[in-house]
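Subject: Structure for your review

Dear colleague,

Please find the structure below, together with its sequence. I would be grateful if you read the notes that follow with the structure open in front of you.

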Amino acid sequence: MKTTITGKDMVISNAISERVLKKTAKMERYLDPNTELLVRLTKKKDGRRKCEITVPFDGVTLRAEASSDDNLYVCIDQALAKLERLADLVKKHYGKYPIIY
């Protein structure tokens, strides 16, 4: 799985990128290994942290976002949990996981 991590108004440390890669590895059971995950981490002016995860593929885009007051790790976990629920919802709708047609 290809994971692209970008940061807006913040520096992405090795610990953060390792955490994102470790957590997104769990998505391989839902998505094809050639799928691209776009992870955008943002620091707002009021100190809030935001994590946006986008998975673009054939005609469907899965997207989840979460924000927290000051803990970026919580945002990452919440956004990935939302993405997993969304992948299950798409599976129920299409009868299979979306990337494996």
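A helix, as the word is used here, is a DSSP run of H or I that spans at least four residues, and helices are numbered from the N terminus. Ser 17 has its place in one of these, helix α1. Please keep in mind that this is a predicted model.

Is Ser 17 buried or exposed? Its relative accessibility is 18%, and because buried means under 20%, Ser 17 counts as buried. Leaving aside residues up to four places away in sequence, Ser 17 touches Ile 5 and Ile 12.

The strands come next. β2 and β3 run antiparallel and are joined by 6 bridges. Within this pair, Leu 41 stands opposite Cys 51 of β3. The hairpin of β2 and β3 has 5 residues between the strands, and Gly 47 takes a positive phi near 95° there. On pairing with β4, β3 is again antiparallel, over 9 bridges. Here Ile 53 has Ala 64 in β4 as its bridge partner. The hairpin of β3 and β4 has 2 residues between the strands, with Gly 59 at a positive phi near 75°. β3 is mostly covered, as 8 of its 9 residues are buried.

Next, the interior. The largest nonpolar core holds 24 residues, and those with the most contacts inside it are Cys 51, Ile 53, Leu 62 and Ile 76. Two or more residues of this core come from each of α1 (14–24), β2 (36–43), β3 (49–57), β4 (60–68) and α2 (72–94). The largest share, 8 residues, is given by α2. As for Ile 76, it touches Ile 16, Val 20, Leu 41 and Cys 51, when residues up to four places away in sequence are not counted.

The cysteines deserve a separate word. Why is Cys 51 not bonded to Cys 75? The sulfur of Cys 75 is the closest cysteine sulfur to that of Cys 51, yet it lies 6.7 Å away, which is too far for a bond, because a disulfide needs the two sulfur atoms within 2.5 Å. Cys 75 is likewise in no disulfide, and the count of disulfides comes to 0. Both residues are covered: Cys 51 is buried, with a relative accessible area of 0%, and Cys 75 counts as buried at 0% relative accessibility.

Yours sincerely,
A colleague

Definitions and conventions: Residues are numbered from 1 along each chain as its sequence is written. This is a predicted model: local features need pLDDT of at least 70, side-chain atom pairs count only at pLDDT 80 or more; totals for chains, interfaces and linings use all residues. Side-chain values use heavy atoms; hydrogens and water are left out. A nonpolar core is a set of buried Ala, Val, Leu, Ile, Met, Phe, Trp, Tyr and Cys residues joined through side-chain atoms within 4.5 Å. Buried means under 20% relative accessible area, exposed over 50%, partly exposed in between (1.4 Å probe, protein chains only). Contact means heavy atoms within 4.5 Å. Two strands pair if DSSP finds at least two bridges between them.
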